[in-house]
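The following paragraphs lead the reader through a structure, beginning with a single residue and ending with whole chains. Please keep the sequence and the coordinates in view while reading.

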Amino acid sequence: MAACYFDVDGTLVRTNLVHPTLFYLANQATPARTLGRLAGAVMRAPLLGLAELRDRRAFNEALFQLYGGMSEDRLLLLADEAYDKVLRGAVYPGAKDLVRRCRDEGHDVVIVSGALDFLMERLAKDLGASDVIANRLEFSDRVATGRILPPVVAGPTKAVLLREHARRNGHDLERCFAFSDSYSDVPMLSVVGHASAVNPDAALARLAKAHRWPILHLDRT
Amino acid sequence: MNHPSVVTLTRRSAPRALFAGDRFVEVDLPPGTRVIYPKPPMAGLKDPDAAIRYALNHPVGADPLHAQLRPGMRVLIAMDDISLPLPQMKRPDVRERVLTVVLEQLADHGVDDFDIVIATSVHRKMTAAEVRWIVGDKIFDAYWPKRLYNHDAEEPDGMRLIGETELGEKVVLSRQAAEADLIIYVNLNLVPMDGGHKSVAVGLCGYESLKPHHNPKVMRKCHSYMDPKSSELNTVVERMGRVANKNLKVFTIETTINNRMFDRPLAFLARDEDSWSGTERAAFKAMKYALDRAPDGAREGIFKRVPSPFDLTGVNAGETEAVHARTLQRCFEQYVVPVEGQADILVCGIPYISPYNVNAFLNPLLVTVMAQGYLFNMYRGRPLVKKNGTLIITHPCTDRFDEAQHAPYVEFVHRLLPETRDAYQLHKRFEAEFAKNPAYLAMYRHGNAYHPVHAFFMWYWGEAGRQHIGRVIVVGADNQYIPKLLGYETARSMHEALEMAKDTAPPSPDITCLHLPPILMTEMAPLREEASVGGTP
């Protein structure tokens, strides 16, 4: 029994973590609050840029601080709309085919993403994925604190979580597949027997060529 | 007496110029070595377009195409892919000429419900630029990509069971083929193993219908892919093709071309080196000098930029088998060189191109396909080399693969071949796993990669040669491990290779050099006892 592990942003969908975040910031309870949130995000943009330069985990943590103060009810209430407007149409057609093929071959399809769990669950349902490993916001009195619950799904942690998932579900890692677009996911790609670079960034493309991993371009179909 | 294309070397003979990938090597072969050259190109048809119109209006074994057309019918036009011809031909490609006439006839008879599919089977999908080259700007701009597209053997719900042979072989073809009122197949027949029932029954099928013939058992029974009567592969394909033609209406158009692979300034490359003029010798030296010093990409670019000036030598249309009989006759007329006596040692240059690496690098697996697959099989009657004889090839065997086209080949060569070279073991243990690999299948469907099982088929392709040839020695390999993985020995020079070959050859061995490209085939009458029992030559 094997599993196929998929990164999401840039791999299965053309959007990234910023897009749903902007949707939530732009859909606050009042116009004033929306303006305030968007202004706050603009102010934090340089910080986000620096965090991205440092590492993916730092970027995720900085970005999700923007959710601080939003109620859990509102986040979940808007989740369907956020998914429909931001993610559903952004799924690459070739990605749907790839996931379907994995399912048809009897593989578990697992989404491994730094995005938020309630959005990834909707994507998983849409694609027919069997499991989701995603980031979870911390809530206090049903209000987001702006922090992520550990473990933060990013970089090397993805590899750790993937190993745990495989062990828990009896998957032989040598027979498993992993797909990602980003050099930051090299740890995750490195622990499976069949790694593939999907729409890779320049650094991952270079590494994939060196390792002779398959390079897929789902963004061109 | 030797055929004019067979030359016996003397002490005063010039070195032979052989391909070694995308370079040339000059080799001194011992006096007495027999060198077999291609026949000169046959004359092309003077008016190809008129010949095409004549063929469609005067078909063999079928009504003229126009008589089969009626408004409201659904037509599928299928055509051969970029693996034919080699290299690509100068524009207009024969297929553009034929399609132009066919589309005119469809329009004249009110048939507007048609698609044009490139019958790639499990070959890679052609790029838009490649399709444009073959069909021409006018047809491409009018129909690509909605009504002119590549066959997709893995399209969900894209294949249909057409029927079964008496031996239970399933004929599963594309939905478009199954639903068409008429299939018009536009073929370009480069070698005798092309065309005939292979066009529809293989070109428009998928893995399910390839399994009955693309397997080690069938390949071992092929006593030349290029002689359909002696090819088990052809026997199975014909059996399946007859089922297809019984259930579908097929109008076959087949074309043949001559072997004018090199344009005039380089035409001397197809001739005996002793007949080269001083100018030709200087041109060769200059070309060799430039190729030896050009970086990899540039060398490949030079060859890619030179399409071949092939001429159309024949066009026939109508019922598949009747048409193909005429096509084969024309093919053999161009390629077959009669020879007498098998060689103990066969020398071949491996060129830069094969049907499976157009616009890509000839990777190690394809070196095998060329050596023990195509070149070994370029015969009728008896193989050019004796059973357990030695094949010497010139090629660098570079460990390099095109990542867009040949990703599954990498895993095949580097993961599977170290475990076993036994085709049956590879077939049983690994083929099904590759056939289901979602990453490779996505590359096939959404990119320009070969289907993952194609790597296995390539290994099986060399199976008949692998069973027949005793040793393969590579001259000029740039590494040791790739030849070892392929089961080859290496030598630093042709002299060393010949000395190694003599270790297992009889005293004063017969040495023969097959000097190609351009394409040629040898014909050697079977020994009386072989002919009577139909055994392995």
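A:Asn199 counts as buried, because 23 C-beta neighbours lie inside 10 Å, and the threshold for that class is 20 or more. The model in which this residue is described is a predicted one. A:Asn199 belongs to the loop between β7 (194-198) and α10 (202-211) of chain A. Its backbone deserves attention, since A:Asn199 is not a glycine and yet has a positive phi of about 45°. Most residues other than glycine have a negative phi, and most peptide bonds are trans.

Chain B offers further departures from these habits. B:Asn359, which is not a glycine either, has a positive phi of about 60°. The loop that holds B:Asn359 runs between β14 (343-351) and α13 of chain B. Here the surroundings hold 19 other C-beta atoms within 10 Å, so B:Asn359 is partly exposed. Two peptide bonds of chain B are to be noted as well. The bond from B:Leu86 to B:Pro87 is cis, with omega near -15°, and the bond from B:Arg91 to B:Pro92 is cis, with omega near 0°. B:Pro87 is placed in the loop between β5 and α2 (94-108) of chain B, and B:Pro92 is found in the loop between β5 and α2 of chain B.

Two further residues show how sequence and space relate. B:Asp63 sits in the loop between α1 (48-57) and β5 (74-79) of chain B. With 11 C-beta neighbours inside 10 Å, B:Asp63 is classed as exposed. Although 256 residues separate B:Asp63 from B:Glu319 in sequence, their C-alpha atoms are 9.0 Å apart in space. In chain A, A:Glu72 lies in helix α4 (residues 72-77) and counts as partly exposed, because 15 C-beta neighbours are found inside 10 Å. Leaving aside residues up to four places away in sequence, A:Glu72 touches A:Phe139, A:Arg142, A:Val143 and A:Ala144. A:Glu72 and A:Leu189 are 117 residues apart in sequence, and from C-alpha to C-alpha they are 33 Å apart in space.

The helices of chain A also provide an example of packing. Two packed helices are described by the angle between their axes and the distance between the axes. For helix α5 (residues 79-87) and helix α7 (residues 117-127) of chain A, the axes come within 10 Å and cross at roughly 65°. The crossing of α5(A) with α7(A) is right-handed. On the side of α5(A), the contact is made by A:Ala79, A:Asp80, A:Ala82, A:Tyr83 and A:Leu87, and on the side of α7(A) by A:Phe118, A:Leu119, A:Arg122 and A:Leu123. Seven of these contact residues are nonpolar, none is polar and two are charged.

Two helices of chain B may be considered next. Helix α17 (residues 454-461) of chain B has eight residues, seven of which are buried, so this helix is largely enclosed by the rest of the structure. The buried residues are B:His454, B:Ala455, B:Phe456, B:Met458, B:Trp459, B:Tyr460 and B:Trp461. Among the elements that cover them are α8 (216-220), α13 (364-375) and α18 (463-468) of chain B. Helix α9 (residues 232-247) of chain B has 16 residues and reaches 23 Å from its first C-alpha to its last, close to the 22 Å expected. The buried residues of α9(B) include B:Leu233, B:Val236, B:Met240 and B:Ala244.

The two chains also meet. In this interface, 13 residues of chain B are in contact with 18 residues of chain A. On the side of chain B, α14 (407-416) and α16 (438-446) each supply at least two residues. The largest share, eight residues, comes from α16(B). The residues on this side of chain B divide into eight nonpolar, two polar and three charged.

The chains can finally be viewed as wholes. Chain A contains ten helices and eight strands. Its radius of gyration is 17 Å, close to the 17 Å that the globule rule gives for 221 residues, so chain A is as compact as a globular protein of that length. Buried residues make up 44% of the 221 residues in chain A. Chain B contains 21 helices and 20 strands. Its radius of gyration of 23 Å agrees with the value near 24 Å for a compact globule of 537 residues. Of the 537 residues of chain B, 55% count as buried. The C-alpha trace of chain B spans about 70 × 55 × 55 Å along its principal axes.

Definitions and conventions: Residues are numbered from 1 along each chain as its sequence is written. Chains are lettered from A and ligands numbered from 1 in the order in which they are written. This is a predicted model: local features need pLDDT of at least 70, side-chain atom pairs count only at pLDDT 80 or more; totals for chains, interfaces and linings use all residues. Helices (H or I, at least four residues) and strands (E, at least two) are DSSP runs, numbered from the N terminus. A residue is buried if 20 or more other C-beta atoms lie within 10 Å of its own, exposed if 12 or fewer, and partly exposed in between; C-beta atoms are placed from the backbone. Two residues are in contact if their C-beta atoms, placed from the backbone, lie within 7 Å. The expected span of a helix is 1.5 Å times one less than its number of residues. Axes are lines fitted to C-alpha atoms, for helices over the stretch in contact, and angles run from 0 to 180 degrees between N-to-C directions. A crossing is left-handed if the near helix is turned anticlockwise from the far one by less than a right angle, and right-handed if clockwise. Ala, Val, Leu, Ile, Met, Phe, Trp, Tyr, Cys and Pro count as nonpolar, Asp, Glu, Lys and Arg as charged, and the others, Gly among them, as polar. The radius of gyration is taken over C-alpha atoms; the globule rule is 2.2 Å times the number of residues to the power 0.38.
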